[in-house]
Amino acid sequence: MAGKKPEFKNKKFYYRRAKWDNQGKGNLQKILENAHKELDTVGKRTFEVGSGAEIRGANFKNDNGLYLQIASYVPGEATSIIDKDKTAKVSNVAAQNAPTGKDFLDGDIFVYINGNHVILCPSGAREKAVETYIWHILRACDNKDIAKTFELDKVAKASKLKMIRDEGVKEVDLDTSLYEASLLHLDKTKPKVSGIKKVVADQLVAIFGKDRDLNDIKEKENLESPPVC
C-alpha cells in the first residue's frame with residue numbers, strides 16, 4: 001500500500017529590486033557572493049537586531065545566482081507547549097527549553113538574488129530581516145557606503161499601470177470606515193479631505209491631473225509675486 005502523500009503548503013514569492021545611491025553598474029549578487037566567501041562561518045554571519053533577537057545567514061549557495069537562508073531567533077528563549085490529551089478537563093501550558101546546542105526558530109526567509117533582482121520567500125520571518133541582514137553583511141565587508149542607502153525596492157506591476165492609464169479610475173475603494181470623529185476633519189462649507197484620504201486624492205491628482213500650461217503658470221506667478229518698484 002502506497003504511503004500517504006505529503007501535504008504541501010502554498011508559499012508566496014515576492015519580487016524586489018536592489019538599489020542604492022550611486023549604484024551605476026553595481027551588482028548585489030557579486031557583492032554578496034564575495035562577502036559570503038569572506039564571512040565563511042555562521043558566527044561571522046550572525047547579527048544582533050534588538051530585544052535579544054538575532055538574525056543569521058544559516059545557509060548560502062551559488063548556482064546561477066545566490067541562494068540565501070536567513071534565520072531569525074532569540075538565543076536561549078523557551079517556547080510554549082500544551083498537553084495533547086483531548087479527554088482531559090484542562091490542558092496544561094508550560095515553557096519548553098530547546099534541546100542542548102539548539103535554539104528555537106522564530107522564522108526564516110529564503111532569498112534568491114540574480115544581479116540586482118531579488119526573490120523572497122518568507123516562512124515566519126519578516127521581509128525586513130533581509131534588508132537588515134544585507135545591511136550588516138555590507139558593513140562587515142567594508143561596503144559601508146552602499147549600506148547607507150541600500151534598500152529593496154518594490155516594483156509596480158506594469159500590467160496594472162497600463163490598465164490604469166488605458167481605462168482610467170472609475171471607483172476608489174478606501175476599504176475603511178468613516179466614523180463621526182472623522183467627519184470633524186471636514187469643513188461643512190468648504191469640504192476638504194484630510195488624513196489618509198487626502199494622501200490618496202493627492203496621488204490620484206498627481207497621476208491623472210492635467211498639467212498646467214505656460215500661461216496658467218505665468219498668471220499665477222504674477223498674482224503671487226510682489227510688485228517691483
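Here are some short exercises on this predicted model, each with a worked solution.

**Exercise 1. Confidence first**

Task: work out which residues stay under a pLDDT of 50, and what contacts they have beyond four places in sequence.

Solution:
- Start with the whole protein: the average pLDDT is 82, and 72% of the residues score at least 70.
- Then look for the weak stretch. Residues 221-229 stay under 50, and the model gives them zero contacts beyond four places in sequence.
- Now decide how to treat such a stretch. Where pLDDT is low, the predicted coordinates shouldn't be read in detail.

**Exercise 2. The overall picture**

Task: say how many helices and strands the protein has, and what share of its residues counts as buried.

Solution:
- The protein has seven helices and nine strands.
- Out of 229 residues, 23% count as buried.
- For the surface, the accessible area comes to about 18,100 Å², and carbon and sulfur atoms own 52% of that.
- For the chain's long-range wiring, take the contacts between residues at least 6 apart in sequence: 56% of these join residues at least 24 apart.

**Exercise 3. Two helices, two settings**

Task: find which residues of helix H1 are buried, then do a count of buried residues for H4.

Solution:
- H1 covers residues 28-38, and its buried residues are Leu28, Gln29, Ile31, Leu32, Glu33, Ala35 and His36.
- Zoom in on Gln29, which sits in H1. Its relative accessible area is 9%, so Gln29 is buried.
- What covers it? Leaving aside neighbours within four places in sequence, Gln29 is in contact with Gly65, Leu66, Ile113, Asn114 and Gly115.
- Gln29 also has a part in the cap: a side-chain oxygen of Asn27 lies 2.9 Å from the Gln29 backbone nitrogen, capping the N-terminal end of H1.
- Turn to H4, which is hardly covered: among its 10 residues, the count of buried ones is zero.
- One H4 member is Met163, the helix running over residues 158-167. Met163 comes out at 47% relative accessibility, so it's partly exposed.
- Met163 also helps make a nonpolar surface patch of about 230 Å², together with Ile164 and Val169.
- Finally, check what comes after H4: Gly168 follows, with a positive phi near 75°.

**Exercise 4. Salt bridges, local and distant**

Task: for the pairs Lys128 with Glu131 and Lys19 with Asp153, find how far apart the closest N and O atoms are, then place each pair along the chain.

Solution:
- The structure holds eight salt bridges, so there's a pool to choose from.- In the local pair, Lys128 and Glu131 have their closest N and O atoms 3.0 Å apart.
- Both belong to helix H2 (residues 128-140), and because they are three residues apart, about one helical turn separates them.
- The general geometry fits here: an α-helix has 3.6 residues a turn, so residues three or four places apart point the same way.
- Next, compare the two ends against the cut-offs of under 20% for buried and over 50% for exposed. Lys128 has a relative accessible area of 54% and is exposed, whereas Glu131, at 17%, is buried.
- In the distant pair, Lys19 and Asp153 have their closest N and O atoms 3.7 Å apart.
- This pair links distant parts of the chain: Lys19 is in strand E1 (residues 14-19) and Asp153 in strand E9 (residues 151-154), 134 residues apart.
- Both ends are partly exposed, with Lys19 at 33% relative accessibility and Asp153 at 28%.
- Another bridge runs between Lys144 and Asp142, with the closest N and O atoms 3.7 Å apart. Salt bridges with shared partners also join Lys19, Glu151 and Asp153 into one network.

**Exercise 5. Around Phe47**

Task: decide whether Phe47 counts as buried or exposed, then list what Phe47 is in contact with.

Solution:
- Place Phe47 first: it belongs to strand E2, residues 46-50.
- Its relative accessibility is 10%, so Phe47 counts as buried.
- Leaving aside neighbours within four places in sequence, Phe47 is in contact with Ala53, Glu54, Ile55, Tyr133, His136 and Ile137.
- Tie this to Exercise 4: helix H2 spans residues 128-140, and Tyr133, His136 and Ile137 are among the contacts of Phe47.
- As a last distance check, the C-alpha atoms of Phe47 and Gly57 are separated by 9.1 Å, with the two residues 10 apart along the chain.

Methods
Residues numbered from 1 in each chain as written. Predicted model: local features only at pLDDT ≥ 70, side-chain atom pairs only at ≥ 80, totals over all residues. Heavy atoms only, no water. pLDDT = per-residue confidence, 0-100. Contact = heavy atoms within 4.5 Å. Patch = residues over 30% accessible without salt bridge, like charges linked within 9 Å, V, L, I, M, F, W, Y side chains within 5 Å. Areas by Shrake-Rupley, 256 points an atom, 1.4 Å probe, with all protein chains shown as cover. Salt bridge = Lys/Arg side-chain N within 4 Å of Asp/Glu carboxyl O. Helix = DSSP H or I, 4+ residues; strand = E, 2+ residues; numbered from the N terminus. Buried < 20%, exposed > 50% of the residue type's maximum accessible area, 1.4 Å probe, protein only. Polar contact = N/O pair within 3.5 Å; in protein donor to acceptor, adjacent residues only side chain to side chain.
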